[in-house]
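Grab a pencil and keep the viewer open. Here are some short exercises, each with a solution you can follow step by step.

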Amino acid sequence: MILTANQNTKSFLKTVEQTVGSSFSLLERWRMGGIGSGKLIVRTTSEKLAQCFGKSQDIKFVIIELRKKGIIVHIRNAVNNYVWLIPFHHLSIFKSDLLSIHGAGQFIKIDLSCMHRNNFDLIDKIMRMKAEITGDRID
């Protein structure tokens with residue numbers, strides 16, 4: 001689910017919490033060693049997500065935030081802010097030359113060569129939480 005995040009209204013916050021769960025408390029964040037990524041460079045996206053970035057030729061960035069029932073991918077362009085809500089049961093992550101995140105028919109591919117170690121640790125946390133919640137195996 002892709003939403004415009006320019007205003008944090010009660011209905012927006014309710015939708016976010018129902019879809020990907022509430023945010024972690026400060027103590028939980030500290031125990032987990034963080035729940036967010038740094039800026040990740042986007043190489044390619046599905047058509048619907050490409051519209052969120054606009055027509056700018058600038059380098060495209062996203063930030064990933066871990067929630068209790070899924071992840072939020074934060075997308076910013078010159079005019080609007082967007083969030084892509086992906087509950088764990090819709091989430092698929094593939095690693096090849098690029099890190100590919102898929103959810104509910106959309107995808108985004110992230111450049112691995114520019115990722116820092118803490119971002120790889122976040123992806124591991126996401127995969128472990130997804131496995132715990134959905135009962136999937138991590139291969």
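Before we start: two strands count as paired if DSSP finds at least two bridges between them. Also bear in mind that this model is predicted.

**Exercise 1.** Work out how strand β6 is joined to strand β7.

*Solution.* Step one: find β6 at residues 91-95 and β7 at residues 98-103. Step two: look at the directions, and you'll see that they run antiparallel. Step three: count the bridges; there are five, so the cut-off of at least two is met. One to check by eye is K95, whose bridge partner in β7 is L99. Last step: look at the link, where two residues sit between β6 and β7 in a hairpin.

**Exercise 2.** Now follow β7 on to strand β8 and describe the pairing.

*Solution.* Start with β8, which covers residues 106-111. It pairs with β7 in the antiparallel sense, over six bridges. For a landmark, take H102: its bridge partner in β8 is F107. Then check the turn: this hairpin also has two residues between its strands, and A104 takes a positive phi near 55° there.

**Exercise 3.** Decide whether D111 is buried or exposed, then find what its side chain touches.

*Solution.* First, place D111: it lies in strand β8. Next, its relative accessible area is 9%, which is under 20%, so D111 is buried. Now for the polar contacts: the D111 side chain has one with the side chain of R43 at 2.5 Å and another with the side chain of S113 at 2.6 Å. Finally, set aside neighbours within four places in sequence, and D111 is in contact with I41, R43 and L98.

Conventions: Residues numbered from 1 in each chain as written. Predicted model: local features only at pLDDT ≥ 70, side-chain atom pairs only at ≥ 80, totals over all residues. Heavy atoms only, no water. Helix = DSSP H or I, 4+ residues; strand = E, 2+ residues; numbered from the N terminus. Buried < 20%, exposed > 50% of the residue type's maximum accessible area, 1.4 Å probe, protein only. Polar contact = N/O pair within 3.5 Å; in protein donor to acceptor, adjacent residues only side chain to side chain. Contact = heavy atoms within 4.5 Å.
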